[in-house]
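Trainee: Please take me through one part of this model closely. I would like to look at the second largest pocket and what surrounds it.

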Amino acid sequence: MPAAFDKLLSTQLLRGSGSADKATGKDLFAGKKHVALYFSASWCGPCQKFTPLFVKAYTGAAERDAALLEAVYVSADQDDDDFNAYRAKQPWPALEPTDELSDALRKDYKVEGFPTLIVVDAATGDVVVPDAVQDVAMDPTGANAPWRPKQLHEVLSDDMPLTGDDTITGAKSIGELRAKGVREVALYFSAHWCPPCRQFTPKLAGVYKALKEAGRTDLEFVFVTSDQSAAEAASYHKTMGFAMVPFGSAQIPLLKKALNVRGIPCLVTLRLGASAAEPVEIINAKAVGAVHANPDAFPWVPAPAPAVVTFRPAREVFDFFEAPIAVLDLRPVADAAVAKAMTEALEAAVNAAK
């Protein structure tokens, strides 16, 4: 157990919502599965924006499972009035900023900025989620608390719902897609408010239509919305012709995190396992460009990276080089033996030049 967390258990903490009452961390965490250490400060602009989001997610998680999570405000405030005004907006306990334990917690958990939200195991203090700020921001109701990272096959579980697919494959979930023999899936992260998305969507819809008209029953496209309302998402979805993860689904932020989706439009092609327990193979994590370049090449398997051969030539021959030369062969080389042969040939050429 980290020393600072061990000390936190015996430290008197202020109860939530600005209360002056105190209790030890041990008493406040009793029966809880996780503790979210919220490193923040009233003077921090991003913290001011994030705190209301965390309050909403924390409240939603508590309504679903009261034992799931407790939080502690670890303050970096320097003024008591600012500290008390800010913690009054937070329903969880707070550690007084003058306590040396605040610095110890920041050091033990390697906190480098604010806001930082570290979720730990309530029994051991071990880190469960290194920083859940982005997870909370994408999960305003706390449906995915405690925001433990999930493997892609766990997110793409059999019960993950689909809508708008009744006339295509007849599947209403990922499990039904698997049962119908669908293995290759393209996840399309998009939104109507995004101009590049609106440009790309008709092209992708045309590709999908052509594949289905050609009799491809072993694949499916799925729209994962970033729209801001259900009505907007539904209207945009009508232009696509393929399935959709329902607006507001808890799986949407999990998919974005598991696939490291940073912007839209984003198209990810993948291969499902025969069962939900099997790993999911990512074929192309950034397939938008590939669709533009070759729309008929579903699932847009990336070409092997070209081989790079690096060597240091003899100084007496190329004495003006002070660093290794990198020779780039424009033909993809996947075989290590071929790359070795290329290296030997290049070295031989250098030796012949002496």
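Mentor: The second largest pocket is lined by Q134, D135, M138, K256, K257, N260, V261 and R262. Two elements each give two or more residues to that lining: α6, residues 133-137, and α11. This is a predicted model, so read every value as computed from it. The space in the second largest pocket comes to about 250 Å³. By class, its lining holds 4 charged, 2 polar and 2 nonpolar residues.

Now take the largest pocket. Its space is about 310 Å³. The lining counts 16 residues, and M138, G248, S249, I252 and P253 lie nearest the centre. M138 also lines the second largest pocket. Here α11 is the main contributor, giving 3 residues, the most of any element. The class split is 8 nonpolar, 5 polar and 3 charged.

Next, the enclosed space. Searching the whole structure gives 1 cavity of 30 Å³ or more. The volume of the largest cavity is about 60 Å³. D135, M138, D139, N144, W147, R148, P149, P253, L254 and K257 line this cavity. Look back at the second largest pocket: D135, M138 and K257 are on its lining list too. For the largest pocket, M138 and P253 are among the residues nearest the centre. Helix α11 spans residues 251-258 and again gives the most to the cavity lining, with 3 residues. That lining has 5 nonpolar, 4 charged and 1 polar residue.

So follow α11 to the sheet. Helix α11 lies across β8 and β9, and its direction is at about 105° to β9. The sheet itself is open, with 5 strands in the order β10-β9-β8-β11-β12 and mixed pairing. Its edges are β10, residues 243-244, and β12, residues 281-284, each paired on one side only. Strands β8 (184-190) and β9 (219-225) run parallel and are joined by 7 bridges. One of the bridge pairs sets E184 against L219 in β9. A second helix, α10, covers residues 230-237 and packs on the sheet. Helix α10 touches β8, β9 and β10, and its direction makes about 150° with that of β9.

Some local features complete the tour. Start with the sulfur atoms. The model has 1 disulfide. C44 and C47 form it, with their sulfur atoms 2.4 Å apart. The torsion about that S-S bond is about 75°, so the disulfide is right-handed.

Then the backbone. Most peptide bonds are trans, and most residues other than glycine have a negative phi. Three places need a look against that background. F114 and P115 are joined by a cis peptide bond, with omega about -5°. P115 sits in the loop between α5 (101-108) and β6 (116-121). F298 and P299 are also joined by a cis peptide bond, with omega about 5°. The loop that holds P299 runs between α12 (288-293) and β13 (306-311). S17 is not a glycine, yet its phi is positive, at about 60°. Find S17 in the loop between β1 (12-14) and β2 (22-24).

Conventions
Residues are numbered from 1 along each chain as its sequence is written. This is a predicted model: local features need pLDDT of at least 70, side-chain atom pairs count only at pLDDT 80 or more; totals for chains, interfaces and linings use all residues. Side-chain values use heavy atoms; hydrogens and water are left out. On a 1 Å grid over the protein atoms alone, a cavity is a set of points where a 1.4 Å probe fits but cannot get out, and a pocket is an open set with protein on both sides within 12 Å along at least five of seven lines; lining residues have an atom within 4 Å of a point. Grid points are joined across faces, edges and corners, and a volume is the space filled by probe spheres set on the points. Helices (H or I, at least four residues) and strands (E, at least two) are DSSP runs, numbered from the N terminus. Ala, Val, Leu, Ile, Met, Phe, Trp, Tyr, Cys and Pro count as nonpolar, Asp, Glu, Lys and Arg as charged, and the others, Gly among them, as polar. Two strands pair if DSSP finds at least two bridges between them. Contact means heavy atoms within 4.5 Å. Axes are lines fitted to C-alpha atoms, for helices over the stretch in contact, and angles run from 0 to 180 degrees between N-to-C directions. A disulfide is a pair of cysteine sulfur atoms within 2.5 Å.
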